[in-house]
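Reader: Please take me closely through one backbone feature, then link that spot to the rest of the model. Keep it brisk, and give me the cut-offs as you go.

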Amino acid sequence: MAGAPKRILKEIERLNRDPVPGIEVSSVENNIRYFNVIMGGPSQSPYQGKGAGGRFKLELFLPEDYPMSPPKVRFLTKMYHPNIDRLGRICLDILKDKWSPALQIRTVLLSIQALLSAPNPDDPLANDVADQWKTNEKLAIQTATEWTQKYAVDAWTAKPAV
Amino acid sequence: MTEVPRNFRLLEELEQGEKGSSDGYCSYGLADPDDVLMYNWTASILGPLNTPFENRLYQVSLYCDDNYPKQPPKVRFITRINLPGVNQNTGEVDLRAIEYLDKWKSSYTIHMVLKALFTKMSRKESRLAQPAEHSVYASGSRPPTNQPLQRSTL
């Protein structure tokens, strides 16, 4: 597509040729910088899900000055996680001050997946969730497991509401 | 030209709104903080000094559909107001009657809509008798907030 920097085209090409295991990336029509992402919940985490497993929807956008500034990315699936807020915004250092142009869409998505395995309640975005995580981790994990089942497993097979 | 997708554009606007504007006469945010697709917004405008709107706080709702910002938001006063361009029965704003908004551009923002309404209140033609303070349009004419809609629960 005209106007898209080679760097972006290269990344897309590699994502297609050599997909990240457990992460599906697809372009959104008419905008080469805009992607839908489906991320599998990591095993041994509350986001794994039973049956078909947790599959989380995200959207990702490469701003005008990418790769000098980081991609913008957020969850569309409801998440119970101390570093993800009610609008799916993600608190992750490489999406902010720790961004480097050497990172890529691929590394960003892997880092987000890793964040699901290792919630960090000491650097919270969702304060109520972080508090729960610190005061009663068992209950927090149980809630995250329930939300995963409801919004990231069962929701895929539920009949769409009329 | 890079086109910022609707959702990321609205997230930017939300961040601006959360920071608050330096001018201090308006504020805005999501009507429902769990509205992942950010359809319903709520705003308030403080009436300009030396106008019939002075010292009154006006609540406004904005609905950004899937075509925002290519298409303008649907804007409606919740607080009753007598202002040219605002439907007297429903509070709906006809953006074509509001200076600076009559030809919508996708670069326009919620903040600019509020600013244009504030400017409209300041104009000479808007020196009109006003309904009682705090009165609101009948709730039936309000836009549905918290509607279940196509909110993604996935």
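Author: Met38(B) counts as partly exposed because 19 other C-beta atoms lie within 10 Å. The cut-offs behind that label: 20 or more other C-beta atoms within 10 Å make a residue buried, 12 or fewer make it exposed, and anything in between is partly exposed, with C-beta atoms placed from the backbone. This is a predicted model, so local features need pLDDT of at least 70 and side-chain atom pairs count only at pLDDT 80 or more, while totals for chains, interfaces and linings use all residues. Residues are numbered from 1 along each chain as its sequence is written, and chains are lettered from A and ligands numbered from 1 in the order in which they are written.

Now the backbone. Met38(B) has a positive phi, near 55°, and is not a glycine. Its place is the loop between β1 (26-30) and β2 (40-46) of chain B. Helices and strands here are DSSP runs, numbered from the N terminus: H or I over at least four residues for a helix, E over at least two for a strand.

The strands on either side of that loop pair with each other. β1(B) and β2(B) run antiparallel and share 5 bridges. Pairing requires at least two DSSP bridges between the strands. One bridge sets Tyr28(B) against Ala43(B) in β2(B). β2(B) also runs antiparallel to β3(B), through 7 bridges. There, Ser44(B) faces Gln59(B) of β3(B). In a regular strand, side chains alternate between the two faces of the sheet.

Follow chain B onward. Pro69(B) sits in the loop between β3 (57-63) and β4 (74-77) of chain B. The peptide bond joining Tyr68(B) to Pro69(B) is cis, with omega about 0°.

Chain A has a cis bond too. Tyr66(A) leads into Pro67(A) with omega near 5°. Pro67(A) lies in the loop between β3 (55-61) and β4 of chain A. A positive phi also turns up in chain A. Gln44(A), not a glycine, has phi of about 65°. Gln44(A) belongs to the loop between β2 (31-40) and β3 of chain A. Why is Gln44(A) called exposed? Because it has 7 C-beta neighbours inside 10 Å.

Where do the two chains meet? Chain B brings 11 residues to the contact and chain A brings 18. Contact means C-beta atoms, placed from the backbone, within 7 Å. The chain B side holds 5 nonpolar, 4 polar and 2 charged residues. Nonpolar covers Ala, Val, Leu, Ile, Met, Phe, Trp, Tyr, Cys and Pro; charged covers Asp, Glu, Lys and Arg; the others, Gly among them, are polar.

Step back to chain A as a whole. Its secondary structure is 4 helices and 4 strands, in the order α-β-β-β-β-α-α-α from the N terminus. Its radius of gyration is 16 Å, which agrees with the value near 15 Å for a compact globule of 162 residues. That radius is taken over C-alpha atoms, and the globule rule is 2.2 Å times the number of residues to the power 0.38. Of the 162 residues in chain A, 37% are buried.

The largest nonpolar core has 38 residues. A core is a set of buried Ala, Val, Leu, Ile, Met, Phe, Trp, Tyr and Cys residues joined through C-beta atoms within 7 Å. Among the members that touch the most others are Val73(A), Ile90(A) and Ile112(A). The elements giving two or more residues are β2, β3, β4, α2, α3 (127-135) and α4 (137-157) of chain A. α2(A) gives the most, 6 residues. Another core, of 28 residues, lies apart from it and includes Tyr39(B), Tyr58(B), Val60(B) and Val75(B). Back in chain A, Ile112(A) touches Met39(A), Val73(A), Ile90(A) and Leu92(A), leaving out residues up to four places away in sequence.

One last loop, between β4 and α2 of chain A, holds Leu95(A). Leu95(A) is buried because 20 other C-beta atoms lie within 10 Å. Its C-alpha is 5.6 Å from that of Pro70(A), 25 residues away in sequence. Cys91(A) is found in the loop between β4 (72-75) and α2 (105-117). UniProt, in an unreviewed entry, places an "active site" feature at Cys91(A). UniProt positions follow the numbering used here, feature names are shortened, and annotations may be inferred rather than shown by experiment. Cys91(A) is partly exposed, with 18 other C-beta atoms within 10 Å. Beyond neighbours within four places in sequence, Cys91(A) is in contact with Asn83(A), Asp123(A) and Leu125(A).

Notes:
Contact = placed C-beta atoms within 7 Å.
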